[in-house]
Amino acid sequence: MSELAASPEEELEDGCRAGTPDGDNLVLDYARAEAAAFGALAAAAGGRLLDDEDAGLHLRDMGVDTPFGNVALLTRPVADADTPALLGRLRSFYDDHPGGPFLVFSPWRTADWSASGFVRVGHPPLMFRPAGAAPSPAQGLRVVPVADEDTLADFERTLIEAYPTPEMQPWQRGSMFARGVLDSDWRFFVGYEGDEAVATAAGFVSPAVTLVELVSTRPEVRGRGYGAALTAAASVVAPDQPAMLIASDDGRGVYDGLGYLPLQRHTLWLGLR
């Protein structure tokens, strides 16, 4: 068996190293896309960013009241022995700055952080859709790519009111999305019923996968397939790439119908400042 043993100094590929190439595995591709996507949102808004590739830690802070703008993302597992240092870094980055709570996304299970003041959010499913054509838009819905500040404002207002995000209400223009985000790798879509913006979704194009996020539908028009239509549009912004997203258990059926397949479950924690 000795010929199978790696030498002590040999660095073994484990699928989540800083030098692991894009395309090695879908979980890492998604985690990197997530870090880049939220980094683009924070940078456009003048927020704070910190990247530690060796530790697999990516911190984004827009300083807004909703945790969806204040996000920490892991691109490698955290050993139990390293957990206290990680939690200390999270606290030092977020606690002394204004803003609401922050979310921590980990593709891997973590130790129990409750004793350190973190709140368990859950383990939502990570889903994957192979590259391919999207279904036709829903009847009565007009899907519009966001290309200017006015449609970006429609996207922002609809997302905040429809998701809903009560901590960001009443809506104020530019409170989440700055004009500069239109020059990033994000592609935003608004669904209109007549002249009213009623649904949203967005896709972020990374080197390996398209990340789908920010899906919302106003309550009064749910059940008409609008959320699925917007998700479909965001899923194929790079037609030759697969798409990935984190679903809720309640909304998972919508993504099943679009050809998304479950891979595993994420771990989410909420940190309070």
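Leaving aside its neighbours within four places in sequence, which residues is Thr 75 in contact with? In this predicted model, the list reads Cys 16, Leu 28, Ala 31, Arg 32, Gly 56, His 58 and Trp 108. Thr 75 itself sits in the loop between β3 and α2, and with a relative accessible area of 6% it falls into the buried class. One of those contacts can be described in more detail: the side chains of Thr 75 and His 58 make a polar contact at 3.1 Å.

The loop that holds Thr 75 also holds Arg 76, whose side chain meets that of Asp 14 in a salt bridge, with 3.9 Å from N to O. Asp 14 belongs to the segment before α1 and Arg 76 to the loop between β3 (70-74) and α2 (83-94), so this pair ties together parts that lie 62 residues apart in sequence. Both ends of the bridge are partly exposed: Asp 14 has a relative accessible area of 45%, and Arg 76 comes in at 23%.

Next comes helix α1, which spans residues 26-44 and includes Asp 29. Here is a charged side chain without a charged partner: Asp 29 is buried yet has no salt bridge. The nearest side chain of opposite charge belongs to Arg 32, and it is 5.1 Å away; a salt bridge needs a nitrogen and an oxygen within 4 Å, so this pair does not qualify. What does lie by the Asp 29 side chain is a piece of backbone, since a polar atom of that side chain is 2.9 Å from the backbone nitrogen of Gly 23. Not counting residues up to four places away in sequence, Asp 29 touches Asp 22, Gly 23, Asp 24, Ala 208 and Val 209.

Salt bridges turn up elsewhere too, and the count for the model comes to 15. Glu 161 takes part in two of the bridges described here, one with Arg 157 and one with Arg 218. The first is a local affair: Glu 161 and Arg 157 meet at 3.0 Å, N to O, and, being 4 residues apart in helix α3, they are separated by about one helical turn. Both are partly exposed, with relative accessible areas of 26% for Glu 161 and 40% for Arg 157. The second bridge, between Arg 218 and Glu 161, has an N to O distance of 2.9 Å. This pair links distant parts of the chain, with Arg 218 in the loop between β10 and α4, Glu 161 in helix α3, and their positions 57 residues apart. Arg 218 counts as buried, at 12% relative accessibility. In another group, salt bridges with shared partners join Arg 48, Asp 61 and Arg 273 into one network.

Then there is the matter of open space. The largest pocket has a volume of about 1100 Å³. Its lining is made up of 43 residues, and those nearest the centre are Tyr 163, Val 215, Ile 246, Ser 248 and Tyr 255. Several elements each supply at least two lining residues, namely β4 (102-106), β5 (118-122), α3 (149-162), β10 (210-217), α4 (226-235), β11 (243-246) and α5 (252-257). The largest share, 6 residues, comes from β10.

Two of these pocket-lining elements have features of their own. In strand β10, Leu 214 has a positive phi of about 60° although it is not a glycine. Leu 214 also counts as buried, at 15% relative accessibility. As for α4, 9 of its 10 residues are buried, so this helix is largely enclosed by the rest of the structure. The buried set consists of Tyr 226, Gly 227, Ala 229, Leu 230, Thr 231, Ala 232, Ala 233, Ala 234 and Ser 235.

Finally, some backbone geometry. Tyr 163, listed above among the residues nearest the pocket centre, is joined to Pro 164 by a cis peptide bond with omega of about -5°. Pro 164 is found in the loop between α3 and β8 (186-193). Pro 170 has its place in the loop between α3 and β8 as well, and a cis peptide bond joins it to Gln 169, with omega of about 0°.

Key: Residues numbered from 1 in each chain as written. Predicted model: local features only at pLDDT ≥ 70, side-chain atom pairs only at ≥ 80, totals over all residues. Heavy atoms only, no water. Buried < 20%, exposed > 50% of the residue type's maximum accessible area, 1.4 Å probe, protein only. Lys, Arg positive; Asp, Glu negative; His and termini not counted. Polar contact = N/O pair within 3.5 Å; in protein donor to acceptor, adjacent residues only side chain to side chain. Contact = heavy atoms within 4.5 Å. 1 Å grid on protein atoms, 1.4 Å probe; cavity = no way out; pocket = protein on both sides within 12 Å on 5 of 7 lines; lining within 4 Å. Points joined across faces, edges and corners; volume = space filled by probe spheres on them.
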